[in-house]
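Colleague: Could you take me through one part of this model in detail? I'd like to know how it sits among its surroundings and what it pairs with.

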Amino acid sequence: MNVFFETMRRLSLVEGRVYFIQGQARLDDVPVFLPDPELDGRMVQVKTVLHDGGILRMWYLCDPDFARQGPKRGRYRTAYAESDDGLAWRRPALGLVSDGPAGNNYVNLNVGGVFVDPTAPPAARYRATVYAPQLLGAGDDPRGLSGGFFTAHSADGLRWELDARQARWLSGDTITSAWHPGWNRGIAAMKFVRLSGGLHRRAIWTAELSGGRWGEAACALAPDEFDDVIARARGFNSTDYYKMGLLPAGAGLVGLIENFRHWLPLSQTPPQHYAIYGMSDITLAYQDGPRDRWLHAPGRAAFIGGDRPAWAAGWLGVASAPVAAGAEHWMYVTADQYSHAWDRTPDWQVDPDLQRRREDSGEQRVIGLARWPRWRMFGFKAAPAGVVELELGALDRPCELILNCETGRQGCVRVQLFARAGRGDKIEISGRSGLDDAIPLHGDCPAAKVAWRDGTRIVPVPHHRLVARIVLEDAAIYAWDLVSF
């Protein structure tokens, strides 16, 4: 569905006592996926979860050498799990990697963001983005200042082949990706580090896959002064954007930004003034269409991580994209009980005493679940009443209008339909434009067909554009869709 956002192009009027609202996801009380000591070591880190083939499929990062040899960067593996309900997971023995525990579930390449490309040939049905600094002959730089992002393809999501031996983008170390069905292209969101406001900061850059080719990366979202104001109001010093999950939403795209809220001191290891300590939360951003400007939800309130259970007390990280689960969206999240770089010195070296304390605590990195009502991330609420006008455009076939909305006990949502030949004019349509023609919507309506006294059908008006005048009384609207016959 398309989500309602303040600056969306199709929104031509908001009047009355109507204001923008944002929801908040709820973290489950307990994690849903714990590390297997033999296969995963002491950490699991979600990369991607997809609906595919009637099941949920998960690609995650693990560190099987942790328990036996201590943490050793560059020894991470991408492993695979699957589930029927998204809560109970199994690790199939894949037999693809021989230098690991018997019966391991490792895939043959450390893929990160995975998605299905419906336009690709069968051998490349699955696409992935990969962080692989070792392929450049470079060390795994924990600052994310060097390294490379690669791209890969697969027929089954398990046996992967790099698209090229050269890095597609030179940066590191986090990248997500997803397929956008409305745009018919893949989207990747990756970390770049640039000087901003006197600090070297992590920012989000994006690139697109179209016609089987990945394009260049461009800066999408960079931290600004308001992010630092938010950080200081919450007891931190400043903010980075560490990573971003992607939720295609009709003609738009919602970003779930993983914010790194910094504590002092900053690292003075080159480049200077770079954050090492802190925690994270997740806020929302929105893009109205391909290559449009990204905009933050007003106020940049935490969507995930404002209130959190003990298993997510430290760092909180997002998967590449949420998944639909009945009436909800689910975002799988990685959580640490300790904050970022808790056992490191300001120059990124391991502090043996702190590392020992962390290991002795039995701490594990786990995967949990954040959930919210489907498509109810942000929208508009009328209290007591107001109007929102939605431009439906010039239709070429009959359709129905679907609304995701809810009302108070005495509230309702009604829709008047008008035609437009020019800018701002309204031409009445028989049986559709009168407020008395509209059938009121009441209660919780996650996907309600808009109806009038003679039915739900909306027919094209030649040489005219249609506009829906949505009348709200003690009600909120979150999303909409046009379904053609």
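Modeller: Sure. A quick definition to start: a residue counts as buried when its relative accessible area is under 20%. Keep in mind that this is a predicted model.

Let's look at strand 6, which covers residues 77-83. Seven of its seven residues are buried, so strand 6 is largely enclosed by the rest of the structure. In a regular strand the side chains alternate between the two faces of the sheet. Here, both faces are covered. On one side you'll find Arg 77, Ala 79, Ala 81 and Ser 83, and on the other Thr 78, Tyr 80 and Glu 82, all of them buried.

Now for the partners. Strand 5, residues 55-62, runs antiparallel to strand 6, and seven bridges join the two. If you want a spot to find on screen, Leu 56 stands opposite Ser 83 of strand 6. Strand 7, residues 89-90, is also antiparallel to strand 6 and is joined to it by two bridges. There, Glu 82 stands opposite Arg 90 in strand 7. Strands 6 and 7 make a hairpin with five residues between them, and Gly 86 in the turn has a positive phi of about 80 degrees.

A word on confidence, too. The chain averages a pLDDT of 93, with 95% of the residues scoring at least 70. Over residues 69-74, though, the pLDDT is below 50, and this stretch has nine contacts in the model beyond near neighbours in sequence. Residues 138-145 also stay under 50, and the model gives them 26 contacts beyond four places in sequence.

How values were computed
Residues numbered from 1 in each chain as written. Heavy atoms only, no water. pLDDT = per-residue confidence, 0-100. Contact = heavy atoms within 4.5 Å. Buried < 20%, exposed > 50% of the residue type's maximum accessible area, 1.4 Å probe, protein only. Helix = DSSP H or I, 4+ residues; strand = E, 2+ residues; numbered from the N terminus. Pairing = 2+ DSSP bridges.
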